[in-house]
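This report was prepared to accompany the sequence and the structure shown below. Please read it with both at hand.

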Amino acid sequence: MQRYICIHGHFYQPPRESPWLETIAPQHSAHPYHDWNERVAAECYTPNTASRIHDGDGRIVQIVNNYSRISFNFGPTLLAWLEQRAPATYHAIIEADRQSRARFSGHGSAIAQAYNHMILPLANRRDKRTQVLWGIRDFERRFGRVPEGMWLPETAVDLETLETLVEHGIRFTILSPYQARAVREIGTAEWHDVTGGKIDPTMPYVQRLPSGRSIALFFYDGLVSRAVAFEGLLYNGGNFANRLAGGFNHRSGAQLMHIATDGETYGHHHRRGDMALAYALHYIEREQLARLTNYQAFLALHPPAHEVQIAERTSWSCFHGIERWRSDCGCSTGERHGWHQAWRAPLRAALDWLRDTLAARFEVAAEHLLLDPWAARDDYIRVVLDRSPESINTFLAEHETRELRAEEQVELLHLLEIQRQAMLMYTSCGWFFADISGIETVQILQYAARAIQLARTLDGDDLEPEFMRRLAEAPSNMPQFGHGRGVYEQLVRPHIVDLRQVAAHYAASSLFDAHTDPARVYCYTVEQRRHRMMEAGRAKLAIGVARITSTITLESAELRYGVLHLGDQNLIGGVRAEDGAASYADLLHTISPAFERADLAGIVQTLTQHFERLDYSLKSVFYDEQRAIVQAILAPALEETAAAYQRLYDRHTPLISFLTNQGIPLPPEVATAAEYAMSAAVYRALTADPPDLDRARTLVDSARRAGVSVAREPLLSELRHAIERLAARLHTDPESAPLLDRLLGLARLARALPFEIDLWRAQNDLFEIRTVHYPVLAARAQAGDQRARIWTERFAATATLLGVSMAGYLSQTG
């Protein structure tokens, strides 16, 4: 068969980690998820590792890893997040590439990506090189092989970028059909104009480069790609498959019908888009519409027979080339009427000034520390990927001019981190959206602020005033900010962290939760030197000394802290440099009696005199720990509310029953109390040891008759987790009758509830049991094994209730 189909997914999220803590703060716009990475992973990245193909009744007949049958790239910073926060998904992606090598003649489907999605035609040559090298090295570390292709951020391209790819062994990249200018058959002289997307996308092309080298280019089918991304083609997997199969033309020879979209199209932008993709791939193979392939495999069989000339400084997401990332071209996302993007050019100018200033200082400062400063920056990705002491020492041994002292190592790591931040601040999403106050632009400004802070630490020279002066030239559409300087002052500065703030966080959180020693506070280690906790009623006081060390730069300081909590959100504290045991003893000698006497004024006065300023509060506690503390503070009030609801429900249960029997709707106040009380009762039944499933079902039936919803989140989560735990245990011990009976009971309860429960993980386990173990037990049942017969009957009931089809399997038991 000479007809091939390849679907490429560009899976990417901008780096969202705080440059001070190396973790993502809660993003309320991603509710109910912690942040946008977590939300998109749940909606797209994870489902595509085990996508469902359903029968006509909506039950699962097949589960497939979509990544193993498509072409894909993942942004390196996104893969780093997945490795830490969604390891099962991460490993399934890596495994899919291994599977694709077996499927596609040794050519893996994964390709690399320039590191942090910088628009390469707007980067200087040095940054182009590092971005490409870091993308390759990250890929090699994760996928265990050399990448054949590389995705260019926003497919933004120029000849220098292509030269950089080829210099580092990249064989091909993928572009929009609108990025081709002219083509000709190899060996002929005449060029044919293909501007406006007129290029034939069903073949590869070769671009000759000024150096004399060349690179293969694929231009995806623009019409079908647009239909997938924006026109609802994913509403039906069969239609999707037929549209792909209809993309071939009448020319002779091998043809590659291929599309490229954001990978998030398959599940995040379009709900259940992963299932449409899975079915389309299945349908193409079943109906023999074409052969599935990836770019590497096709290129190996069918090298280019035509040359192409690219349209330089173009991209797939800006009609004006690459202006979206440097001017008010009219392209934006999330724009309101009357808004502009006049902020883009001055923002880039401010960042260019900062980059160039920092680069000049890097060369001077690193000259006496590194054999070749820029070569060391290129190789610094090994430290980014592995910050263990062994990794850092190996890196230093290869690049240092001599054996560096400890303080020189800290200086060197500061310099290299400045360079990392100076690249992260060019992440493309910072210019993509409608206003300079958007979270993506604030993120890149945070990287700039971190670079400025690190530079200030090294030489004391503060670049922030000049940077903010330049940001003031970038107008915002939001009156409360006015310009980029206002955005920086209001949305960036409050999030800047130093070692003292880490100490304040550690001290405040120690009032609510005991720390291990040494403790880990995000990308810092905390070694407790001294710690004294005093409690009296609701009041708590912590005094101590700790050494705070950054695991990124190895910067370290020994700091003394004092923090006082008076109940609720009332918390104050101070931090200062540690200056010896005598001073610490004097503080304890003065403050302990005051605390024992409950002398609040005396305590505050002593803390103020000792620390000079009490400028830390509950607001100083970082992110998730702050949420946890607030929940702990609110717990008594929530318990009081729950008790009040329960009393109201208990007192009026006969009346509620009467109203229900008479078909009279419950008053809203009574319905709320009933919902809370009945949900709590179901929750208690589920969490009993063993779970009281009969009681839970009775309560659910009673709630249904009363018109009361029991869809409270703790109940939903507990039922889902209970099913997942039992399914996982059954997967480990599939012949356990007690486990299967309990799971069957939970499945019946889940189906009795008037709302949908996410059974994705449990279904994966049941599908594998059905595929691997059920046939073995069914054979034993047919041979007369009564225990096996009972097991197969109960498993079939359980699987069916939880949405896994048993079609084709039930006949095996006779």
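The sections below treat the nonpolar cores, selected helices, the pocket and cavity, and the backbone.

**Nonpolar cores**

The model is predicted. Its largest nonpolar core has 178 residues, and the members that touch the most others are Ile 7, Tyr 45, Phe 74, Leu 82, Phe 240 and Phe 467. Helix α16, residues 439-459, gives this core its largest share, ten residues. For Leu 82, the residues touched, not counting those up to four places away in sequence, are Ala 41, Tyr 45, Phe 74, Pro 87, Thr 89, Tyr 90 and Ile 93. Two of these, Tyr 45 and Phe 74, are also named among the core members that touch the most others. A second core, separate from the one just described, has 59 residues and includes Val 682, Ala 696, Leu 743 and Trp 791.

**Helix α25 and its surroundings**

Helix α25 covers residues 693-705. With 13 residues at 1.5 Å a residue, this helix should span 18 Å, and the distance of 18 Å between its end C-alpha atoms agrees with that expectation. Its buried residues include Leu 693, Ala 696, Leu 699, Val 700 and Ala 703. Viewed down the helix axis, the buried residues of α25 fall within an arc of 120 degrees, so they line one face of the helix. On the face turned away from that buried side are the exposed residues Asp 694 and Arg 705. Helices α24 (668-687) and α27 (737-752) are among the elements that cover the buried residues of α25. Ala 696, which is buried in α25, is also one of the residues of the second core.

The backbone on either side of α25 has features of its own. In the loop between α24 and α25 lies Pro 690, and the peptide bond that leads to Pro 690 from Asp 689 is cis, with omega near 0 degrees. Just after α25, Gly 707 has a positive phi of about 70 degrees.

**Helix α4 and Leu 607 in helix α21**

Helix α4 runs over residues 125-143. Its 19 residues should span 27 Å at 1.5 Å a residue, and its end C-alpha atoms are 27 Å apart, in agreement. Gly 144, just after α4, takes a positive phi of about 70 degrees.

Helix α21, residues 600-611, contains Leu 607. Is Leu 607 buried or exposed? Leu 607 counts as buried because its relative accessibility is 0%, which is under the 20% limit for a buried residue. Neighbours within four places in sequence aside, Leu 607 is in contact with Leu 541, Ile 543, Gly 562, Leu 564, Ile 591, Glu 612 and Leu 614. Of these contacts, Leu 564 is 43 residues from Leu 607 in sequence, while their C-alpha atoms are 9.0 Å apart in space.

**Pocket and cavity**

The second largest pocket has a volume of about 1,400 Å³. Its lining consists of 43 residues, and those nearest its centre are Phe 230, Asp 262, Trp 316, Ser 317 and Phe 432. Elements that each supply at least two lining residues are α1 (36-45), α6 (222-230), β12 (255-262), α15 (429-432) and α16. The largest share of this lining, six residues, comes from α6.

Five cavities of 30 Å³ or more are found in a search of the whole structure. The largest cavity has a volume of about 80 Å³. Its lining is formed by Pro 14, Pro 15, Arg 16, Gln 27, Thr 427, Cys 429, Gly 430, Ile 439, Glu 440, Gln 443 and Ile 444. Two or more of these lining residues come from each of α15 and α16, and α16 gives the largest share, four residues.

**Other backbone features**

A further cis peptide bond joins His 31 and Pro 32, with omega about 10 degrees. Pro 32 is located in the loop between β1 (3-11) and α1.

Positive phi values also occur at the two non-glycine residues in the table.

| Residue | Phi | Relative accessible area |
|---|---|---|
| His 117 | about 65 degrees | 0%, buried |
| Arg 313 | near 55 degrees | 36%, partly exposed |

His 117 is placed in the loop between β5 (110-113) and α4. Arg 313 is placed in the loop between β14 (306-310) and α10 (344-366).

Methods. Residues are numbered from 1 along each chain as its sequence is written. This is a predicted model: local features need pLDDT of at least 70, side-chain atom pairs count only at pLDDT 80 or more; totals for chains, interfaces and linings use all residues. Side-chain values use heavy atoms; hydrogens and water are left out. The expected span of a helix is 1.5 Å times one less than its number of residues. Buried means under 20% relative accessible area, exposed over 50%, partly exposed in between (1.4 Å probe, protein chains only). The arc is that of the directions from the helix axis to the C-beta atoms. Contact means heavy atoms within 4.5 Å. A nonpolar core is a set of buried Ala, Val, Leu, Ile, Met, Phe, Trp, Tyr and Cys residues joined through side-chain atoms within 4.5 Å. On a 1 Å grid over the protein atoms alone, a cavity is a set of points where a 1.4 Å probe fits but cannot get out, and a pocket is an open set with protein on both sides within 12 Å along at least five of seven lines; lining residues have an atom within 4 Å of a point. Grid points are joined across faces, edges and corners, and a volume is the space filled by probe spheres set on the points.
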